[in-house]
Amino acid sequence: MNNRRVKQFVAAIGVPRLIIMGYLLILLIAMPFMGLQIEMLYTQAFGRIGMYGVLVLAMLPAIESGIKMNMALPLGVICGLIGGVLSLDWGFSGWMGLFLAVLISIPIAVVVGILYGMLLNKIKGSEMMIATYTGYTAVAIMCIVWMAMPVNNAEVRWPQGNGVRNIVTLTGKYEKILDHFLEIRITEELVIPTGLFLTVALACFLMWLFMRSKTGIMMKTAGSNPVLAEANGISVDRMRILGMTLSSVLGAVGIIIYSQSYGFYQFYMAPLNMAFIAVAAILIGGATVGRATVFHVIFGTVLYQSIMTFTLPIANVIMPEGTLSEIVRIIIQNGIILYALTKAGESQ
């Protein structure tokens, strides 16, 4: 009986994820013996999990609607950055600045999501490949737009003329405003960003409710069985557009949440590879290209961001010479992404 339960547990979790969890456990055990500031690392891990939570959640509606992984997540990210830069240029700060950035970005993301969803309906079956090139193209085009954008705020504008700076700081605006909201300070170094977690939890809860609504069930049906959906009068194309629109909106809101926690807005080529991190997180959480849940989002984000937080300090202790530790981090990060993409179509 015990052996059967163990086999069922392993089958439910998946051997690859058990290996990743084992690796994370080794990191957690090793940290106290290496003289690392454990409390500070835990605080950083909490922050990274909250920063990426909504960005990873943006994958869920795209997967469930049948579009597969939204490799064009930079489209939504760009919409969020437009809202962010306008709120700063108009001189807003604090909660008003954060809310205004979100309010501006959402309608832009809705329009972009609808248009991009219509494009994807024309090339069914090749969504992930087309999405990657679409995201790259949008980022390149926006480099020209950022350079030519007529902003007036000196903190946002390049000193020599028009155009948005490469990096715009949020210090004195709304840097870590969600992180500090209702934060729990256990010790001087160990801090739980309660407001950030509550924001991610709210987004996940709303998505969970939507997926159980009539429209959400229709969207899931269209994604999992298009023939059955059409037979029941469900427009598959409309559901795909809805999924992409939701994904774009979550990407826009997600980058604003990410940036306020990070302390900067990063423009130009910064959004280029945001999709790969989100895709890897949800895949190692147990999702596939055809099925994803809120649990996969949370579990995958915790696993991926915890490993990324704890690996580099330990590598620094083991290999303090030169940049070897950074090389190890890059190998591990891209190795996880590579693993996740190779498992994209499997039940894991």
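## Exercises on a predicted model

The structure holds 2 salt bridges. The model is a predicted one, so please keep that in mind as you work through the exercises below.

### Exercise 1: the salt bridges

Find the partners in each salt bridge, and work out which parts of the chain the pair with lysine 173 ties together.

Solution.
- Step 1. Side chains of opposite charge can pair when their charged atoms come close.
- Step 2. Start with glutamate 155, whose side chain meets that of lysine 173 at 3.3 Å, N to O. The cut-off for a salt bridge is 4 Å, so this pair qualifies.
- Step 3. Now place the two partners. Glutamate 155 is in the loop between helix 7 and strand 1 (167–169), while lysine 173 is in the loop between strand 1 and helix 8 (177–180); the bridge therefore ties together parts that are 18 residues apart in sequence.
- Step 4. Turn to the other pair, glutamate 183 and arginine 185, where the closest N and O atoms are 3.4 Å apart.
- Step 5. Check accessibility. Glutamate 155 is partly exposed at 47%. Glutamate 183, at 27%, also counts as partly exposed, and so does arginine 185 at 44%.

### Exercise 2: a contact across the chain

Locate glycine 91 and state how far its C-alpha atom is from that of lysine 173.

Solution.
- Step 1. Glycine 91 sits in the loop between helix 5 (73–89) and helix 6.
- Step 2. Its relative accessible area is 47%, so glycine 91 is partly exposed.
- Step 3. Along the chain, glycine 91 and lysine 173 are 82 residues apart, yet 9.0 Å separates their C-alpha atoms.

### Exercise 3: positive phi angles

Examine the backbone at lysine 176 and leucine 182, and say whether each residue is exposed or partly exposed.

Solution.
- Step 1. Most residues other than glycine have a negative phi.
- Step 2. Lysine 176 is not a glycine, but has a positive phi of about 55°. This lysine 176 belongs to the loop between strand 1 and helix 8.
- Step 3. Leucine 182 also has a positive phi, about 60°, without being a glycine. You will find leucine 182 in the loop between helix 8 and strand 2 (184–185).
- Step 4. Exposed means over 50% relative accessible area. Leucine 182 reaches 52% and so counts as exposed, whereas lysine 176, at 29%, is partly exposed.

### Exercise 4: a nonpolar patch

Which residues make the nonpolar surface patch of about 500 Å²?

Solution.
- Step 1. The patch is made by Trp95, Phe99, Phe181, Leu182 and Leu198.
- Step 2. Leucine 198 comes from helix 9 (residues 194–211). Patch residues need over 30% relative accessible area; leucine 198 has 45%, which means it is partly exposed.

### Exercise 5: empty space

Describe the largest cavity and the second largest pocket, and name what lines them.

Solution.
- Step 1. Rolling a probe the size of a water molecule over the atoms shows where empty space is left.
- Step 2. Searching the whole structure gives 1 cavity of 30 Å³ or more, and the largest cavity holds about 30 Å³ of space.
- Step 3. The lining of the largest cavity consists of Met71, Pro74, Thr132, Tyr136, Leu272, Ala275 and Phe276. Two or more of these residues come from each of helix 7 (127–148) and helix 13 (274–284).
- Step 4. The second largest pocket has about 520 Å³. Among its 20 lining residues, Thr199, Leu202, Ala203, Leu206 and Val253 are closest to its centre.
- Step 5. Helix 9 gives the largest share of that pocket's lining, 7 residues.

Terms used. Residues are numbered from 1 along each chain as its sequence is written. This is a predicted model: local features need pLDDT of at least 70, side-chain atom pairs count only at pLDDT 80 or more; totals for chains, interfaces and linings use all residues. Side-chain values use heavy atoms; hydrogens and water are left out. Patches are made of residues with over 30% relative accessible area and no salt bridge: like charges are joined within 9 Å, nonpolar side chains (Val, Leu, Ile, Met, Phe, Trp, Tyr) within 5 Å. Accessible areas come from the Shrake-Rupley method with a 1.4 Å probe; for residues, only the protein chains shown count as cover. Helices (H or I, at least four residues) and strands (E, at least two) are DSSP runs, numbered from the N terminus. Buried means under 20% relative accessible area, exposed over 50%, partly exposed in between (1.4 Å probe, protein chains only). On a 1 Å grid over the protein atoms alone, a cavity is a set of points where a 1.4 Å probe fits but cannot get out, and a pocket is an open set with protein on both sides within 12 Å along at least five of seven lines; lining residues have an atom within 4 Å of a point. Grid points are joined across faces, edges and corners, and a volume is the space filled by probe spheres set on the points.
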